[in-house]
Amino acid sequence: MRHTSASSNSRSSLPCATRRSTRSSARWPGGWRTARSRNSRSPCSRFTRLRGCASLPSSNRISRQVFLTCHVLDTANGCPARNMRIQLHRLSPPESAGLVGEFVTNSDGRLDGGPALKGSDFQVGSYEWTFYAADYFASRGTFTSGTPFLDVIPIRFGIDNPDDHYHVPLLVSPWNFSTYRGS
């Protein structure tokens with residue numbers, strides 16, 4: 001196989017996203033296949049398949065459920081955070097701002113009753129989860145040395161695509177926490 005250096009490639013000055021390989025096929029476990037043949041399984045590109053295949057007629061599109069969920073894991077004790085009190089507030093748009101709901105996690109550290117937001121309640125906007133970590137650790141008898149280092153943990157996040165599932169996990173101990181957008 002012959003490789004060309006970047007200096008001899010006339011397209012090397014283009015940004016990475018616009019550079020394309022001059023080779024029209026790639027090595028796959030089943031042998032050499034062209035890009036066209038490996039994508040011929042579906043009339044959709046990989047991106048549109050993930051987004052519900054918008055190029056197909058609506059009767060053939062994948063039905064997607066959209067909702068907001070959360071999951072709390074107690075990293076100090078190595079288990080799901082059972083019976084943690086949580087609140088969800090909508091911060092914007094202003095006309096619908098306020099408390100959305102109060103929840104208590106189940107034995108798996110998830111919300112009892114399913115998603116916090118779904119259907120018509122699932123709207124674009126800014127939100128805030130409020131996790132009552134100090135109360136949770138006190139109820140478990142986890143030593144937190146007097147005044148808790150973490151009492152109430154607010155996590156602000158935004159929903160900008162009403163066609164996506166948003167999952168906000170919280171990994172928490174009496175001294176630290178971490179979150180990310182899950183799947």
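Student: Which elements cover the buried residues of helix H3?

Tutor: Keep in mind that this is a predicted model. H3 spans residues 133–140, and Ala133, Ala134, Tyr136 and Phe137 are its buried residues. The cover over them includes S3, S4, S8 (125–132), S9 (152–159) and S10.

Student: Where do the buried residues of H3 sit, seen down its axis?

Tutor: Start with Ala133, Ala134, Tyr136 and Phe137, the buried ones. They line one face of the helix, because seen down the axis of H3 they fall within an arc of 160°.

Student: And Ala138 and Ser139 of H3: buried or exposed?

Tutor: Exposed takes over 50% relative accessible area. These two lie on the other side of H3, and both Ala138 and Ser139 are exposed.

Student: Back to S3, part of that cover. How many of its residues are buried?

Tutor: The cut-off for buried is under 20% relative accessible area. S3 runs over residues 67–74 and is largely enclosed by the rest of the structure, because the buried count among its eight residues is seven.

Student: How many bridges join S3 to S10?

Tutor: S10 covers residues 166–172, and the two strands run parallel. One of the pairings puts leucine 73 opposite leucine 171 in S10. The number of bridges joining S3 to S10 is seven.

Student: What is the bridge partner of leucine 73 in S4?

Tutor: S4 is residues 79–80 and runs antiparallel to S3, with two bridges joining them. The two strands form a hairpin with four residues between them, and glycine 78 in the turn has a positive phi of about 70°. In S4, leucine 73 is bridged to proline 80.

Conventions
Residues numbered from 1 in each chain as written. Predicted model: local features only at pLDDT ≥ 70, side-chain atom pairs only at ≥ 80, totals over all residues. Heavy atoms only, no water. Buried < 20%, exposed > 50% of the residue type's maximum accessible area, 1.4 Å probe, protein only. Pairing = 2+ DSSP bridges. Arc of directions from axis to C-beta. Contact = heavy atoms within 4.5 Å.
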